[in-house]
Amino acid sequence: MTGSLVIRLTDAAEATARWFVLDGANQPAGAVRAGPLEAAAAESAGRRVVLVVPAVDVVLARIQVPMKSAPRVIKAAPFALEEQLADDVEHMHFAVGRRLPNEDWPVAAVRERHLERWLGRLAEAGLEPAAVVSEANCLPETPGSACWFVDGSQVIARGSNE
């Protein structure tokens with residue numbers, strides 16, 4: 001593969017998107033473009049597709065569980081987080097990241113219906129993402145403080161990892 005195509009859905013109906021291409025060295029290769037997903041799909045050949053989803057729809061958390069393998073942590077995550085979530089865990093999708101040096105596990109939780117809608121919209125345009133990432137994870141880590149980004153009427157934040 002030669003780089004990545006990063007796509008961010010831009011409206012409630014998800015008929016339009018913004019996207020940009022990263023070259024093989026993860027450097028921007030051209031300007032950010034906007035339009036229908038089908039136009040983004042035309043630039044996807046040979047590239048890893050990354051979908052950036054609204055931070056408001058993704059719960060990012062860390063859990064401490066005695067398991068050492070990611071598959072077992074995925075099974076434990078709903079129970080570890082169920083009191084922090086407004087939705088029934090049966091209707092949520094959980095993804096687990098790499099274990100951190102302090103032995104916490106990073107977890108992302110999203111309503112299954114949101115994930116299915118996003119993936120379905122991309123599939124309609126002929127796209128299959130290799131990764132789905134929260135907007136908050138696109139902000140830099142700032143140890144000891146938070147990083148903030150204002151986008152129109154919304155504020156996206158990424159907290160400290162300390």
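Let me start with a single pairing: in β3, the residue that A17 has as its bridge partner is G35. That bridge belongs to a wider match, in which strand β2, residues 16-22, pairs with β3 in the antiparallel sense over four bridges, where pairing requires that DSSP finds at least two bridges between two strands, and where strands (E, at least two residues) and helices (H or I, at least four) are DSSP runs numbered from the N terminus.

I should say that this is a predicted model, in which local features need pLDDT of at least 70 and side-chain atom pairs count only at pLDDT 80 or more, while totals for chains, interfaces and linings use all residues. Residues are numbered from 1 along each chain as its sequence is written, and side-chain values use heavy atoms, with hydrogens and water left out.

Stepping back, β2 and β3 sit in an open sheet of five strands, ordered β3-β2-β1-β4-β8 with mixed pairing, and its edge strands, β3 (33-36) and β8 (131-134), each pair on one side only.

Turning to the interior, the largest nonpolar core, meaning buried Ala, Val, Leu, Ile, Met, Phe, Trp, Tyr and Cys residues joined through side-chain atoms within 4.5 Å, with buried being under 20% relative accessible area for a 1.4 Å probe and protein chains only, has 19 residues, and among those that touch the most other members are I7, L37 and W118. At least two residues of this core come from each of β1, β2, α1 (37-41), β4 and α3. Apart from it lies another core, of 14 residues, including V65, A77, L81 and V89.

Conventions: Buried < 20%, exposed > 50% of the residue type's maximum accessible area, 1.4 Å probe, protein only.
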